[in-house]
Structure formats: structure tokens, C-alpha cells
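I opened the notebook to look up strand pairing, burial and contacts. The entries follow the order in which I went through them.

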Amino acid sequence: MSITVSVSMQVSDFDKWKTMFDSRKSDREEAGINARAYRNVDEPNNACVIGTASSKETFVSFFSQPAMQEALKNAGVLGPPEIKFLEEA
């Protein structure tokens, strides 16, 4: 059974962040993560990602990789993202 993951983060430039997000699609697929990016209508520099992963551990392992952290930093993420792990009720 998979879990749903919701990630919300403030970014300096949404388009710059979205370019990074799109460029990492194959990395997400290889890790078994399926995700889509959204822009908060009321806060244009609030990037949101909603996706699925096989487990919380799988997602945390992928998201914690030094290369991923560096990519987020270079894409203008302004602080720690808010991450929620959800399971269907």
C-alpha cells in the first residue's frame, strides 16, 4: 500500500523551482515516487507537491539525499518544507 505525501515550501522564484522539479522526474520515478507540482493561487511563491510513495521511509530517503537537498537550495527554497504523510482512511 502506498502513502500520499504533501509538501509545501516557500520559494524565491516559482518558475526557477518548477524547472528543477521537472528536471528530477526520472529520479523520482526511479525511487518509486509519483508527484505533481502545484502553485498556491493566493501565494504565488508557495510551491506545493502532492504525490505517492511506497512508504514514508522511501520518501524520506529520497528527499534527504545530499543531491536533492542541494537541488532544493539551488532552486531557491527559502526554508524547511512542511511535509505531511497521509494514508487513506
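Which residue in β3 is the bridge partner of Val5? I found that Gly51 is the one opposite Val5 in β3. I note that this is a predicted model, in which local features need pLDDT of at least 70 and side-chain atom pairs count only at pLDDT 80 or more, while totals for chains, interfaces and linings use all residues. Residues are numbered from 1 along each chain as its sequence is written, and side-chain values use heavy atoms, with hydrogens and water left out.

I looked up the strands next (DSSP E runs of at least two residues, numbered from the N terminus, as are helices, which are H or I runs of at least four). β1 (residues 3-10) and β3 (residues 46-53) run antiparallel and are joined by 8 bridges, pairing being counted when DSSP finds at least two bridges between two strands. β1 also pairs with β4 (residues 82-86) in the antiparallel sense, over 5 bridges, and there Val5 stands opposite Phe85.

I then checked the faces of β1: Ile3, Val5, Val7 and Met9 point to one face and are buried, whereas Thr4, Ser6, Ser8 and Gln10 point to the other and are not. Buried means under 20% relative accessible area, exposed over 50% and partly exposed in between, with a 1.4 Å probe and protein chains only.

Last, I turned to Arg24, in the loop between α1 (14-23) and α2 (25-30). Arg24 counts as buried because its relative accessibility is 11%. Beyond its neighbours within four places in sequence, Arg24 is in contact (heavy atoms within 4.5 Å) with Gln65, Ala67, Met68 and Ala71.
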